[in-house]
Amino acid sequence: MSGTYVLVIDVNRSTTIQVGALGEREFAAGAYAYVGSAFGPGGFSRVDRHRELAAGDRETRHWHVDYLLGHAATRLETAITFPDADRECELAGSLPGQLVPEFGASDCECESHLLAFPNVETVLEAAVDAGGVVE
């Protein structure tokens, strides 16, 4: 199955992370929502790949979010999926969080696909209200 997904990430302390070619980025403690798409041949197996990286079972980093997920100060709380829906850019622009500039949007014209939120519950509520399914 394919579609759009939102990864809900908790950053337990303010930290600076080297994010590939983006360079060093500061992340305040709090919750983050990364909006991605899974329309390739593996579909939502991309979400499983993100989970493996966050759990320390995988080391290879392909996307900006992999650098965030692979850091000791972060925890992947859950994934929210939007099956068969191509809503990546729409959700990145409409979820009520604060955009983290230039993050995860190198293949489109969006400002960012990562949003900062005050807490995990706010991310979950916003994504479910937008029609997502908690995995």
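**Group meeting: a walk through one chain**

Hi everyone. Of this chain's 135 residues, 46% count as buried, meaning under 20% relative accessible area with a 1.4 Å probe and protein chains only. Please keep in mind that this is a predicted model, where local features need pLDDT of at least 70, side-chain atom pairs count only at pLDDT 80 or more, and totals for chains, interfaces and linings use all residues. Residues are numbered from 1 along each chain as its sequence is written, and side-chain values use heavy atoms, with hydrogens and water left out.

Let's start with overall form. The radius of gyration, taken over C-alpha atoms, is 13 Å, which agrees with the value near 14 Å for a compact globule of 135 residues; that rule is 2.2 Å times the number of residues to the power 0.38. The C-alpha trace spans about 35 × 30 × 30 Å along its principal axes.

Now the elements. We have four helices and eight strands, which are DSSP runs numbered from the N terminus: H or I of at least four residues for helices, E of at least two for strands. From the N terminus, they run β-β-β-β-α-α-β-α-β-β-α-β.

So how are the strands of the open sheet ordered? Six of them follow S6-S7-S4-S1-S5-S8, with antiparallel pairing; a pair needs at least two DSSP bridges. At the edges stand S6 (98-99) and S8 (133-134), each with a single partner strand, so one side of each lacks a neighbour in the sheet.

Finally, look at S1 (residues 3-11) and S4 (residues 30-38): nine bridges join these antiparallel strands. There, Ile9 stands opposite Tyr32 in S4. Thanks for listening!

Notes:
Buried means under 20% relative accessible area, exposed over 50%, partly exposed in between (1.4 Å probe, protein chains only).
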